[in-house]
Amino acid sequence: MKQTRNTLQKEVTYNSLKTFMGHPTAEEVYEKVHESFPHISKATVYRNLSELEEKGKIRRIPKIGNGSDRYDMNIQPHFHAKCTKCGRVFDVDLPVDDSVVSKVNVMGDDDFKLSSYQLVFEGICTKCNAKEI
């Protein structure tokens, strides 16, 4: 891993991410940072998010469906749910069973080595359900 510096911009990016209730996109983090620091570039915020992920301080949630990547302050292994109406992403309170993951067998590839996985539950959140009633 390359050596990176702790910069004010990185600290501002990290602190802005902490203010979100949920899992913001990089664009949402940029908009939040930009409110307080209008001189900071989108590329700087995106780069800082990437570096924070590399350092293990945050987790990147790869895009779900046709959405954008999202970011999470909870770096412990856990699952997510996505509302198919509003697109919000939530943590799922369900234990991660590593014994299941260790049994992953990719058909046709006996030497497959699992490096990561993602389980996302999809449905309609309480707020969107209430709007339909």
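**Residue environments and overall architecture**

In the predicted model, N129 is partly exposed, with a relative accessible area of 36%, a value that falls between the limits of 20% for buried and 50% for exposed residues. The residue N129 belongs to helix α5, which covers residues 126-132. Although N129 and C83 are 46 residues apart along the chain, their C-alpha atoms are separated by 10.0 Å.

A second position, T13, lies in helix α1, which comprises residues 8-18. Because its relative accessibility is 0%, T13 counts as buried, the threshold for that class being under 20%. A polar atom of the T13 side chain is placed 2.8 Å from the backbone oxygen of Q9. When neighbours within four places in sequence are set aside, T13 is in contact with V29, V33, V45, N48, L49 and L52.

At the level of the whole protein, five helices and five strands are present, and these follow one another along the sequence in the pattern α-α-α-β-β-β-β-α-β-α. The C-alpha trace spans about 50 × 50 × 25 Å along its principal axes. Of the 133 residues in the protein, 29% are buried, and the accessible surface amounts to about 9300 Å², with 50% of this area belonging to carbon and sulfur atoms. Among contacts between residues at least 6 apart in sequence, 49% join residues that are at least 24 apart. With regard to charge, the protein carries 20 positive and 19 negative side chains, and the centres of these two sets lie 6 Å apart.

Notes: Residues numbered from 1 in each chain as written. Predicted model: local features only at pLDDT ≥ 70, side-chain atom pairs only at ≥ 80, totals over all residues. Heavy atoms only, no water. Helix = DSSP H or I, 4+ residues; strand = E, 2+ residues; numbered from the N terminus. Buried < 20%, exposed > 50% of the residue type's maximum accessible area, 1.4 Å probe, protein only. Polar contact = N/O pair within 3.5 Å; in protein donor to acceptor, adjacent residues only side chain to side chain. Contact = heavy atoms within 4.5 Å. Areas by Shrake-Rupley, 256 points an atom, 1.4 Å probe, with all protein chains shown as cover. Lys, Arg positive; Asp, Glu negative; His and termini not counted. Charge placed at Lys NZ, Arg CZ, Asp CG, Glu CD.
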